[in-house]
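Colleague: I am new to this structure and should be grateful for a close look at a single part of it, namely the aromatic rings and what surrounds them. Please set that part in the context of the whole chain.

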Amino acid sequence: TVTNSAGVSAGAFTAAKVVLTDTTGTVAFGGPTVITNSLTTAAKAYGVTFAGTSVLSGAPVFLNTGNVSFAGTTSLTTGATITGTAATTVNLAGTIVSGGAFNIGALPATTTVANATQLILNSTTAASNFAGKVVSAGTGANALSLLGVGTLTLSGDSSSSGVTGDINVINGTLNVTGKLGSANVTSATSGTITGAGGTIGALNV
């Protein structure tokens, strides 16, 4: 349990249950990190970051109002949810594997996807949704890649300085019901692209 701290940095770390309560600053897990049962957060102004190799079980809900960051290789064994506020930014990088729904609410100011990020969704029944603005600028080999058997819905408005890069739907389904930037190129390899009422830049199939 972390409470009343001004920030914590952890190296190699394994625990069944982790509770992050009334704290400030950033709780930084440098990895490798293994949380086998549950990660509990609170609606307080602190950030949570993961680097290296991380395995998070119990479908954590990130209620903290600071930033949330996944880098390195992150395994969300049964999914995760990030709620945030208008002051929250979400940063995704590396490889993220989710066994359940991976949802990001509409409130975070932006969800920024680093170059060459891979998002692997492995649930056929629990769809994932990014409801706010997504910023992704990688093209070619640096594009965002969607893999797995699951569905990712982009329902937010990312048309203005948002998704200006490419999205490669290698497997699974990309469902665009929001707006992507006019410079975006979305390509399907063995995946599916859908979206009632959504807009993208260019489509390659």
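Modeller: The account below begins with the chain as a whole, turns to the aromatic rings, and ends with the strands and loops around them.

This is a predicted model, in which local features require a pLDDT of at least 70 and side-chain atom pairs count only at pLDDT 80 or more, whereas totals for chains, interfaces and linings use all residues. Residues are numbered from 1 along each chain as its sequence is written, and side-chain values use heavy atoms, with hydrogens and water left out.

The chain has zero helices and 24 strands; helices (H or I, at least four residues) and strands (E, at least two) are DSSP runs numbered from the N terminus. Its C-alpha trace spans about 50 × 30 × 30 Å along the principal axes. For 205 residues, a compact globule would have a radius of gyration near 17 Å, and the 16 Å of the chain agrees with this; the radius is taken over C-alpha atoms, and the globule rule is 2.2 Å times the number of residues to the power 0.38. Of the 205 residues, 44% are buried, where buried means under 20% relative accessible area, exposed over 50%, and partly exposed in between, with a 1.4 Å probe and protein chains only. Of the contacts with a separation of 6 or more, 25% join residues 24 or more positions apart; a contact means heavy atoms within 4.5 Å.

We come now to the rings themselves. A pair of aromatic rings is described by the distance of the centres and the angle of the planes. Here the rings of Phe, Tyr and Trp (its six-membered ring) pair if their centres lie within 6.5 Å, and planes under 30 degrees apart count as stacked, over 60 as edge-to-face and the rest as tilted. The count by this rule is seven aromatic pairs. In one of them, Phe 50 and Phe 62 have ring centres 6.3 Å apart and planes at 80°, so the pair is edge-to-face. This pair links distant parts of the chain, with Phe 50 in strand S5 (residues 46–50) and Phe 62 in strand S7 (residues 61–62), twelve residues apart. Phe 62 also pairs with Phe 70: their ring centres are 5.9 Å apart and their planes stand at 70°, so this pair is edge-to-face as well.

Which of these three residues are buried? Phe 50 counts as buried at 1% relative accessibility, Phe 62 counts as buried at 0%, and Phe 70 is buried with a relative accessible area of 1%. They belong to one aromatic cluster formed by Phe 13, Phe 29, Phe 50, Phe 62, Phe 70, Phe 102 and Phe 130.

Several of these rings recur in the largest nonpolar core, where Phe 62, Phe 70, Leu 92, Phe 102 and Phe 130 touch the most other members among its 38 residues. S5 supplies the largest share of this core, three residues. A nonpolar core is a set of buried Ala, Val, Leu, Ile, Met, Phe, Trp, Tyr and Cys residues joined through side-chain atoms within 4.5 Å. Beyond four places in sequence, Phe 102 touches ten residues' worth of surroundings that include Phe 70, Leu 92, Ser 128 and Phe 130.Strand S16 (residues 128–130) leads from this core to the neighbouring strands. S16 pairs with S19 in the parallel sense over three bridges, two strands being paired if DSSP finds at least two bridges between them. Ser 128 stands opposite Leu 152 in S19. Leu 152 in turn has Leu 174 as its bridge partner in strand S21, and S19 and S21 (residues 173–176) pair in the parallel sense over four bridges.

The loop that follows S19 deserves a word. Ser 161 is found between S19 (151–154) and strand S20 (166–169), and its phi is near 50°, a positive value in a residue other than glycine. Ser 161 counts as exposed at 52% relative accessibility, whereas Gly 162, in the loop between S19 and S20, is buried with a relative accessible area of 2%. Leaving aside neighbours within four places in sequence, Gly 162 is in contact with Lys 133, Val 134, Val 135 and Ser 136.

Two further loops complete the picture. Ala 116 lies between strand S14 (110–113) and strand S15 (118–121); it has a positive phi of about 65° although it is not a glycine, and it is partly exposed, with a relative accessible area of 37%. Pro 32 is found in the loop between strand S3 (25–29) and strand S4 (33–40), and the peptide bond from Gly 31 to Pro 32 is cis, with omega near -5°.
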